[in-house]
Amino acid sequence: MKITVAKLTLGHWEGVAGIYQEGIDTKKATFRTSVPTWDDWNDAHHQHSRFVAIVENVIVGWCALTPVSRRFEYRGVAEVSIYISLSYIGKGIGGILMKELIASSEENNIWTLYSSLFPENLGSVKLHEKNGFRFIGRREKIAQLDDVWKDTVLYERRSFLF
(Lines give C-alpha, C1' and ligand atoms only; values in the text may rest on other atoms or scores of the structure.)
Protein backbone atom coordinates (compact mmCIF):
# COMPACT_ATOMS: atom_id res chain seq x y z
CA MET A 1 0.00 0.00 0.00
CA LYS A 2 1.54 3.30 -1.11
CA ILE A 3 0.75 6.17 1.26
CA THR A 4 1.28 9.74 0.11
CA VAL A 5 1.32 12.64 2.56
CA ALA A 6 0.28 16.09 1.29
CA LYS A 7 -0.41 19.48 2.82
CA LEU A 8 -4.11 19.69 3.73
CA THR A 9 -5.93 22.26 1.60
CA LEU A 10 -9.50 23.31 0.86
CA GLY A 11 -9.50 20.81 -2.00
CA HIS A 12 -9.19 17.98 0.53
CA TRP A 13 -11.99 19.21 2.76
CA GLU A 14 -14.71 16.82 1.58
CA GLY A 15 -12.55 13.78 2.40
CA VAL A 16 -11.29 15.33 5.64
CA ALA A 17 -14.85 16.18 6.73
CA GLY A 18 -15.96 12.60 6.03
CA ILE A 19 -13.22 11.19 8.26
CA TYR A 20 -14.00 13.81 10.90
CA GLN A 21 -17.64 12.65 10.85
CA GLU A 22 -16.52 9.05 11.33
CA GLY A 23 -14.60 10.16 14.43
CA ILE A 24 -17.64 12.01 15.74
CA ASP A 25 -19.80 8.94 15.15
CA THR A 26 -17.50 6.68 17.21
CA LYS A 27 -18.03 8.90 20.30
CA LYS A 28 -14.35 8.22 21.12
CA ALA A 29 -12.58 11.01 19.24
CA THR A 30 -14.14 14.36 20.11
CA PHE A 31 -16.82 16.15 22.10
CA ARG A 32 -18.00 17.75 18.86
CA THR A 33 -21.32 16.54 17.51
CA SER A 34 -21.01 18.01 14.01
CA VAL A 35 -18.21 18.74 11.57
CA PRO A 36 -17.31 22.43 11.39
CA THR A 37 -17.35 24.33 8.12
CA TRP A 38 -14.09 24.67 6.23
CA ASP A 39 -13.91 28.35 7.16
CA ASP A 40 -14.36 27.68 10.88
CA TRP A 41 -11.91 24.78 10.82
CA ASN A 42 -9.35 26.71 8.76
CA ASP A 43 -9.54 29.77 11.02
CA ALA A 44 -9.03 27.67 14.17
CA HIS A 45 -5.95 25.75 13.00
CA HIS A 46 -2.39 26.76 12.22
CA GLN A 47 -1.77 27.28 8.52
CA HIS A 48 1.34 25.08 8.83
CA SER A 49 1.46 21.51 10.12
CA ARG A 50 -1.71 20.21 8.50
CA PHE A 51 -1.56 17.10 6.36
CA VAL A 52 -3.61 14.40 4.68
CA ALA A 53 -2.66 10.78 4.03
CA ILE A 54 -3.75 9.52 0.61
CA VAL A 55 -3.98 5.95 -0.69
CA GLU A 56 -5.00 5.44 -4.33
CA ASN A 57 -6.38 9.01 -4.56
CA VAL A 58 -8.52 8.54 -1.43
CA ILE A 59 -7.94 10.56 1.74
CA VAL A 60 -7.50 8.03 4.55
CA GLY A 61 -6.37 10.29 7.38
CA TRP A 62 -5.57 13.84 8.38
CA CYS A 63 -3.80 15.79 11.09
CA ALA A 64 -3.45 19.43 12.12
CA LEU A 65 -2.39 21.71 14.95
CA THR A 66 -4.49 24.24 16.84
CA PRO A 67 -2.91 27.02 18.92
CA VAL A 68 -3.74 26.48 22.59
CA SER A 69 -3.85 30.22 23.27
CA ARG A 70 -3.67 33.53 21.44
CA ARG A 71 -1.29 34.85 24.11
CA PHE A 72 2.23 35.47 22.81
CA GLU A 73 3.83 33.47 25.60
CA TYR A 74 2.09 30.29 24.38
CA ARG A 75 2.96 30.76 20.69
CA GLY A 76 4.95 27.51 20.67
CA VAL A 77 2.27 25.30 22.20
CA ALA A 78 -0.25 23.53 19.98
CA GLU A 79 -2.95 20.89 20.30
CA VAL A 80 -2.81 17.84 18.06
CA SER A 81 -5.74 16.58 16.00
CA ILE A 82 -5.23 13.31 14.15
CA TYR A 83 -8.03 11.30 12.55
CA ILE A 84 -7.82 8.08 10.56
CA SER A 85 -10.56 6.61 8.38
CA LEU A 86 -12.13 3.68 10.24
CA SER A 87 -11.33 1.36 7.33
CA TYR A 88 -7.61 2.23 7.60
CA ILE A 89 -7.09 2.00 11.37
CA GLY A 90 -4.19 -0.29 12.27
CA LYS A 91 -2.39 0.15 8.94
CA GLY A 92 0.29 2.59 10.11
CA ILE A 93 -1.39 5.74 8.78
CA GLY A 94 -1.47 7.40 12.21
CA GLY A 95 2.24 6.87 12.77
CA ILE A 96 3.12 8.33 9.37
CA LEU A 97 0.96 11.40 9.95
CA MET A 98 2.23 11.88 13.50
CA LYS A 99 5.87 11.81 12.38
CA GLU A 100 5.12 14.37 9.66
CA LEU A 101 3.23 16.54 12.15
CA ILE A 102 6.06 16.44 14.69
CA ALA A 103 8.70 17.34 12.09
CA SER A 104 6.60 20.20 10.74
CA SER A 105 5.80 21.50 14.22
CA GLU A 106 9.49 21.76 15.03
CA GLU A 107 10.23 23.49 11.70
CA ASN A 108 7.57 26.03 12.70
CA ASN A 109 8.88 26.73 16.22
CA ILE A 110 6.35 24.68 18.16
CA TRP A 111 8.06 23.45 21.32
CA THR A 112 5.16 21.64 22.98
CA LEU A 113 2.52 19.38 21.44
CA TYR A 114 -0.50 18.67 23.59
CA SER A 115 -3.36 16.18 23.21
CA SER A 116 -6.57 15.64 25.13
CA LEU A 117 -7.86 12.13 24.48
CA PHE A 118 -10.74 9.97 25.59
CA PRO A 119 -9.06 7.25 27.68
CA GLU A 120 -11.08 4.54 25.94
CA ASN A 121 -9.53 5.53 22.60
CA LEU A 122 -6.67 3.10 23.12
CA GLY A 123 -5.38 3.39 19.55
CA SER A 124 -4.85 7.11 19.95
CA VAL A 125 -3.30 6.70 23.39
CA LYS A 126 -0.83 4.12 22.01
CA LEU A 127 -0.07 6.30 18.97
CA HIS A 128 0.87 9.21 21.21
CA GLU A 129 2.96 7.07 23.56
CA LYS A 130 4.87 5.51 20.62
CA ASN A 131 5.73 8.99 19.39
CA GLY A 132 7.27 10.42 22.54
CA PHE A 133 4.21 11.87 24.25
CA ARG A 134 3.99 11.43 28.00
CA PHE A 135 0.91 11.17 30.17
CA ILE A 136 0.53 14.37 32.19
CA GLY A 137 -2.88 14.01 33.77
CA ARG A 138 -6.54 13.19 33.73
CA ARG A 139 -9.45 15.60 33.69
CA GLU A 140 -12.45 13.97 35.34
CA LYS A 141 -15.92 14.75 34.04
CA ILE A 142 -14.54 17.64 31.99
CA ALA A 143 -17.47 17.84 29.56
CA GLN A 144 -20.59 16.03 28.45
CA LEU A 145 -21.21 14.02 25.32
CA ASP A 146 -24.80 12.94 24.80
CA ASP A 147 -25.59 14.04 28.38
CA VAL A 148 -22.87 11.78 29.80
CA TRP A 149 -19.93 13.26 31.69
CA LYS A 150 -16.65 12.10 30.21
CA ASP A 151 -13.03 12.13 31.32
CA THR A 152 -10.06 12.97 29.14
CA VAL A 153 -6.40 12.07 29.52
CA LEU A 154 -3.71 14.60 28.68
CA TYR A 155 -0.52 13.86 26.78
CA GLU A 156 2.37 16.16 26.00
CA ARG A 157 5.46 16.03 23.82
CA ARG A 158 8.32 18.49 24.22
CA SER A 159 10.63 19.18 21.31
CA PHE A 160 14.29 18.44 21.88
CA LEU A 161 15.23 21.39 19.65
CA PHE A 162 14.28 24.11 22.12
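**View A. What helix 1 packs against.** The buried residues of helix 1 pack against helix 2 (38-44), strand 2 (50-55), strand 3 (58-67) and strand 4 (77-84). Keep in mind that this is a predicted model. The residues doing the packing are Trp13, Val16, Ala17, Ile19, Tyr20, Gly23 and Ile24, the buried set of helix 1. Look down the helix axis and these buried residues fall within an arc of 165 degrees, so they line one face of helix 1. An α-helix has 3.6 residues a turn, so residues three or four places apart point the same way. On the other side of helix 1 you'll find Glu14 and Asp25, both exposed.

**View B. Helix 1 from end to end.** Helix 1 runs over residues 13-26, and at 1.5 Å a residue its 14 residues should span 20 Å; the end C-alpha atoms are 20 Å apart, so the two agree. Just after the helix comes Lys27, with a positive phi near 65 degrees.

**View C. Trp62 and its two ring partners.** The structure holds 9 aromatic pairs, and here are two that share Trp62. The ring centres of Tyr20 and Trp62 are 5.4 Å apart with the planes at 45 degrees, so this pair counts as tilted. Tyr20 sits in helix 1 and Trp62 in strand 3, so the pair ties together parts 42 residues apart in sequence. Trp62 also pairs with Tyr83, this time stacked: 4.8 Å centre to centre and 5 degrees between the planes. Since Tyr83 belongs to strand 4 and Trp62 to strand 3, this pair ties together parts 21 residues apart in sequence. Tyr20 and Trp62 are both buried, and so is Tyr83. Zoom out a little and Trp13, Tyr20, Trp38, Trp41, Trp62 and Tyr83 form one aromatic cluster.

**View D. Helix 3 and the residue that follows.** Helix 3 covers residues 93-107; its 15 residues should span 21 Å at 1.5 Å a residue, and the end C-alpha atoms are 21 Å apart, which agrees. Its buried residues are Ile93, Gly94, Leu97, Met98, Leu101, Ile102, Ser104, Ser105 and Glu106. Asn109 follows helix 3, and its phi is positive, near 65 degrees.

**View E. Two charges over rings.** The charged end of Arg75 sits over the ring of Phe72, 4.0 Å from the ring's centre. Elsewhere, Lys150 has its charged end over the ring of Phe118, 4.4 Å from the centre of that ring.

Terms used
Residues are numbered from 1 along each chain as its sequence is written. This is a predicted model: local features need pLDDT of at least 70, side-chain atom pairs count only at pLDDT 80 or more; totals for chains, interfaces and linings use all residues. Side-chain values use heavy atoms; hydrogens and water are left out. Helices (H or I, at least four residues) and strands (E, at least two) are DSSP runs, numbered from the N terminus. The expected span of a helix is 1.5 Å times one less than its number of residues. Buried means under 20% relative accessible area, exposed over 50%, partly exposed in between (1.4 Å probe, protein chains only). The arc is that of the directions from the helix axis to the C-beta atoms. Contact means heavy atoms within 4.5 Å. Rings of Phe, Tyr and Trp (its six-membered ring) pair if their centres lie within 6.5 Å; planes under 30 degrees apart count as stacked, over 60 as edge-to-face and the rest as tilted. A charge sits over a ring if NZ of Lys or CZ of Arg is within 6 Å of the ring centre and within 35 degrees of the ring normal.
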